[in-house]
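Hi,

Here is the structure I promised to pass on, with my notes underneath. Have a look at it first, then read on.

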Amino acid sequence: MVTKTEPESSDFDRDTALKAFDDTKAGVKGLVDAGIAKIPPIFLHSRPNAASVQSTPGHTESELPVIPTVDLQGVDGDPNLRRRVIWQVNDACRRWGFFQVINHGIPTTLLNKMMEGVKGFHELETEVKKGFYTRDYSKTLTYNCNFDFYQSPAVNWRDTVSCVMAPRPPNPKELPQVCGETMVDYSTQVMLLARRLFVLLSEALGLNPSYLNDIGCSEGLMFFGHYYPACPEPDLTMGISSHSDSSFLTVLLQDQIGGLQVQCDNHWVDVEPNTSALVINVGDLLQLISNDEFKSSQHRVLTKFIGPRVSVACFLRQQLPPENSRVYGPVKELVSEENPPVFRKTAVKEFVKYYYAKGLNGISALEHFRL
Ligand code: OGA
Ligand code: NI
């Protein structure tokens, strides 16, 4: 007689629970609306809040490292200022892979409108919102709970609406009325900012100013509108597990709730909310083409009793054919006999396929491409 082993039966229960939750099409927000006091087991993480820098012995308040803030005011006019900004960006990308930008040129009214739009989408009547719930990424707009829901070891306390906005922006009529037009306007502005940033990043790497734009780093944009509901047991789960981004560069807009942390020198450091700033971070594909010079850092979002927290992450990278067939490797200007390539070449679609299949498990997808 064959007896069922423990892991098999518990795996079966987990699969059933995952499917049952996914079938509600109401996301994490649906659980909170139903007034749950305990989080369902599929959301339990094994070590969710492993010490942040604040609780690390040996650091005093004044020594806490802070993510650099770069002021872009006047950067295109004054050559001295420009050199200083390139130095700051360079230092931030090597040390942290993260910085914040102020005076970035995107009007505060548009930032606020974008946040309101994403919040408005997630707070639509459940019956209306369910119509957008899907894991079929060939759809123009995708709304679901965790892109890696069935792959990751534990589900994150987060719902997301996403859409490919460039190089072929969808017609706003294909998008939800509550946020569609703003998504198009905001993405257009993010593209302009990203192109300016890639000029600074090219120069920071010692390349021709147009280098990174010319090879297509700013060709594609994916939009993710995240919603992190208030959580009754925040210490048992995560908003986003530790991960690095699959982009070349990410432009992130966050509200004032907080919870985003970046890993630096084995410490978790808060990315302090600044509603007039945008958070910029290096993604895996930029680390790959820079041959490890720039760092795609692990980051995560902690859950809180308070909420919802809303954020908008724009990933600069190609997603759809034909652009996603482009092949990238360490750029030839950055490699030499003394400094050989440390990554193999990959098509964006191959990289992304591997990244998605792995899910957010705290291990960088880049390691799979390391020589
Ligand atoms: C992401 C991400 C952080 C946030 O979308 O990859 O890290 O604050 N988001 O939502
Ligand atoms: Ni991220």
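One thing up front: this is a predicted model. I'd start with helix 4, residues 108-122, which lies across strand 3, strand 4, strand 5, strand 7 (249-254), strand 10 (278-282) and strand 12 (309-316). Its direction is at about 65° to strand 5.

**The 8-stranded sheet**

Those strands belong to an open sheet of 8 strands, and the order across it is 1-2-10-7-12-5-4-3, with mixed pairing. At the edges are strand 1 (69-71) and strand 3 (141-144); each has a single partner strand, so one side of each has no neighbour in the sheet. From one strand to the next, the twist averages 25°.

If you want to trace a few of the pairings, try these:

- Strand 4 (residues 159-166) and strand 5 (residues 221-228) run antiparallel, with 7 bridges between them. T160 is opposite H226 of strand 5.
- Strand 2 (residues 98-102) is antiparallel to strand 10, over 4 bridges. Here F98 has N281 in strand 10 as its bridge partner.
- Strand 7 also pairs with strand 10 in the antiparallel sense, over 4 bridges. Look for L249 opposite V282 of strand 10.

Strand 10 deserves a second look, as 5 of its 5 residues are buried. Which residues sit on each side of strand 10? L278, I280 and V282 are on one side, V279 and N281 are on the other, and both faces are covered. That fits the usual pattern, since side chains in a regular strand alternate between the two faces of the sheet.

**The core**

The largest nonpolar core has 104 residues. Y186, L212, F223 and L278 are the ones with the most contacts inside it. L278 is also one of the buried residues of strand 10. The element that gives the most to this core is helix 6 (residues 180-204), with 12 residues.

What does Y186 touch, once its neighbours within four places in sequence are set aside? Its contacts are L110, L111, M114, F223, L253, L278, V312 and C314. F223 and L278, you'll notice, are also on the list of residues with the most contacts inside the core.

**The second sheet and the nickel ion**

There is another open sheet, this one of 4 strands in the order 6-11-8-9, with antiparallel pairing. Strand 6 and strand 9 (267-270) are its edge strands, each pairing on one side only. Its twist averages 25° from one strand to the next. Inside it, strand 8 (residues 260-264) and strand 11 are antiparallel over 3 bridges, and Q261 is bridged to R300 in strand 11.

Now for the nickel ion (ligand 2). Which protein atoms are its donors? They are H243 (NE2), D245 (OD) and H299 (NE2), lying 2.1 Å from the ion. In sequence, the spacing of the donor residues reads H-x1-D-x53-H. D245 and H299 link distant parts of the chain: D245 is in the loop between strand 6 (240-243) and strand 7, while H299 is in strand 11 (residues 299-301), 54 residues apart.

Are those two donors buried or exposed? D245 has a relative accessible area of 3% and H299 has one of 6%. The cut-off for buried is under 20%, so both count as buried.

Over to you!

Methods. Residues numbered from 1 in each chain as written. Chains lettered and ligands numbered in written order. Predicted model: local features only at pLDDT ≥ 70, side-chain atom pairs only at ≥ 80, totals over all residues. Heavy atoms only, no water. Pairing = 2+ DSSP bridges. Helix = DSSP H or I, 4+ residues; strand = E, 2+ residues; numbered from the N terminus. Axes fitted to C-alpha atoms, helices over the stretch in contact; angles between N-to-C directions. Contact = heavy atoms within 4.5 Å. Donors = N, O, S within 2.8 Å, 3.2 Å for Na, K, Ca; no water. Buried < 20%, exposed > 50% of the residue type's maximum accessible area, 1.4 Å probe, protein only. Core = buried A, V, L, I, M, F, W, Y, C linked by side-chain atoms within 4.5 Å.
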